[in-house]
Amino acid sequence: MEYRPLGRTGVQVSPLCLGAMMFGPWGNKDTADSIRIVHRALDAGINFIDTADVYSGGASEEIVGQALEGRRDDVFLATKFFMPMSEDPNQRGGSRRWVIREVENSLRRLNTDYIDLYQVHRPSPDSDVEETLGALTDLVRQGKVRYIGSSSYSGSQIVEAQWASRARNLERFVTEQPPYSILVRGIEEDILPTVQRHGMGTLTYSPLSGGWLSGRWRKDAASVPASSARPGARFDMTSPANQRKLDIVEDLAQLAEQTGLTLIELAIAFVINHPGVTAAIVGPRTMEQLESYLPAADVTLSTDVLDRIDQLVAPGVTVNPDDNSYGTHELAPAARRR
């Protein structure tokens with residue numbers, strides 16, 4: 001597995017990043033099995049792991065911490081903060097108070113004395129970005145955090161954070177973590193070019209678009225997933241946008257077969273073949289899923305294949321806007337009514 005530069009940090013990471021969201025009650029409840037998956041990923045050459053405090057209420061971080069015992073220094077370890085950790089309104093967000101407190105919780109759960117990449121899980125309309133950056137800068141200077149990053153920021157929010165860092169002499173975000181797949185290409189229009197201009201790394205999540213590109217949902221067996229954690233609008237098979245997605249998946253499955261790839265390999269390879277993408281976060285729940293992801297790291301798609309994908313989903317287009325995870329606050333009725 002050939003490593004890639006993480007923006008301009010000088011760090012080299014694998015093109016596949018092991019996402020740990022499915023470790024714990026949200027997905028795989030067998031801790032020993034989750035640890036085996038982590039070890040298999042490391043043995044396959046993956047040196048990059050991403051988790052978050054909120055995943056399974058902290059259990060994901062604890063499992064990753066157990067799995068990395070004796071191998072911590074071989075891994076570039078990323079986690080995130082921001083999402084609610086309880087009903088207490090102060091146990092969430094980007095305030096200095098919460099950032100300083102929650103990093104200690106993550107360090108304890110991860111069983112480590114430093115975090116390689118500490119990311120803001122979402123932008124906050126209620127917190128000044130300078131306050132969040134100031135708190136994160138203190139953590140870097142204390143040695144508890146090596147680098148900082150953002151997740152699901154819009155292009156303008158990325159630029160605002162970069163300028164705030166320069167103007168106030170604060171640590172800057174060196175990575176952005178947006179959603180990206182063949183079906184969700186909105187970041188190509190603004191976010192990816194912005195990240196590239198600022199020399200940031202890009203860690204994209206959901207390369208299989210929540211299972212749409214794994215072959216799980218096809219026209220002959222379309223159904224709404226049982227998990228209540230999945231937003232209904234993204235999997236409502238009666239919506240025209242999702243019907244269009246089903247059509248595209250059929251065409252992509254044929255293209256993958258013609259190319260000698262699985263649909264999963266085609267989908268992940270498409271993401272990591274973009275020059276602005278550092279790594280695609282893959283989040284297996286089972287060992288079988290991980291094994292199906294690994295071959296994609298060595299796949300290079302031809303121009304003909306990429307052109308065919310562009311014909312099915314034009315660059316910069318998200319087939320179903322409900323699949324986007326950024327810009328939601330700005331488009332909420334309270335933010336745009338006048």
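# A walk around the barrel

Start by selecting strand 8 (residues 173–177) and strand 9, which run parallel and are joined by two bridges; strands count as paired if DSSP finds at least two bridges between them. Helices (H or I, at least four residues) and strands (E, at least two) are DSSP runs, numbered from the N terminus. You are looking at a predicted model, in which local features need pLDDT of at least 70 and side-chain atom pairs count only at pLDDT 80 or more, while totals for chains, interfaces and linings use all residues. Residues are numbered from 1 along each chain as its sequence is written, and side-chain values use heavy atoms, with hydrogens and water left out.

Now pick E176 and look across to T202 in strand 9, which stands opposite. To get from strand 8 to strand 9, follow the chain through helix 6 (residues 191–197); this β-α-β crossover is right-handed. That term applies if, with the strands pointing away from you, the path from the first strand over the helix to the second runs clockwise.

Stay on strand 9 (residues 201–204) and show its side chains: G201 and L203 on one side, and T202 and T204 on the other, are all buried, leaving both faces covered. Buried means under 20% relative accessible area, exposed over 50%, and partly exposed in between (1.4 Å probe, protein chains only). Next, add strand 10 (residues 279–282), which pairs with strand 9 in the parallel sense over two bridges. Here A279 is the bridge partner of L203.

Zoom out, and eight strands close into a barrel in the order 3-4-5-6-7-8-9-10, with parallel pairing. On average, neighbouring strands of this sheet are turned by 30° against each other, direction ignored. For another pair in the barrel, select strand 4 (residues 48–50), joined to strand 5 by three bridges, the two running parallel. F48 stands opposite F76 in strand 5.

From strand 5 (76–81), move into the loop that leads to helix 3 and select F82. What is the phi of F82? It is positive, about 135°, although F82 is not a glycine. Most residues other than glycine have a negative phi. F82 counts as buried, at 13% relative accessibility.

A second stop of this kind is S209, in the loop between strand 9 and helix 7 (232–235). S209 has a positive phi of about 55° and is not a glycine either. At 1% relative accessibility, S209 counts as buried.

For a contrast, select N169, in the loop between helix 5 (155–168) and strand 8. N169 is exposed, with a relative accessible area of 60%. Add G134: the two are 35 residues apart in sequence and 9.3 Å apart in space, C-alpha to C-alpha.

Now for the helices. Helix 2 (residues 59–67) and helix 3 (residues 96–110) pack at an angle of about 45°, their axes 7 Å apart. Axes are lines fitted to C-alpha atoms, for helices over the stretch in contact, and angles run from 0 to 180 degrees between N-to-C directions. Helix 2 is therefore oblique to helix 3, as angles under 35 degrees count as roughly parallel, over 145 as roughly antiparallel, 65 to 115 as roughly perpendicular and the rest as oblique. Show E61, E62, V64 and G65 in helix 2, which meet S106, R109 and L110 in helix 3; contact means heavy atoms within 4.5 Å.

Finish at helix 9 (residues 263–272): ten of its ten residues are buried, so helix 9 is largely enclosed by the rest of the structure. Among them are L263, F270 and I272.
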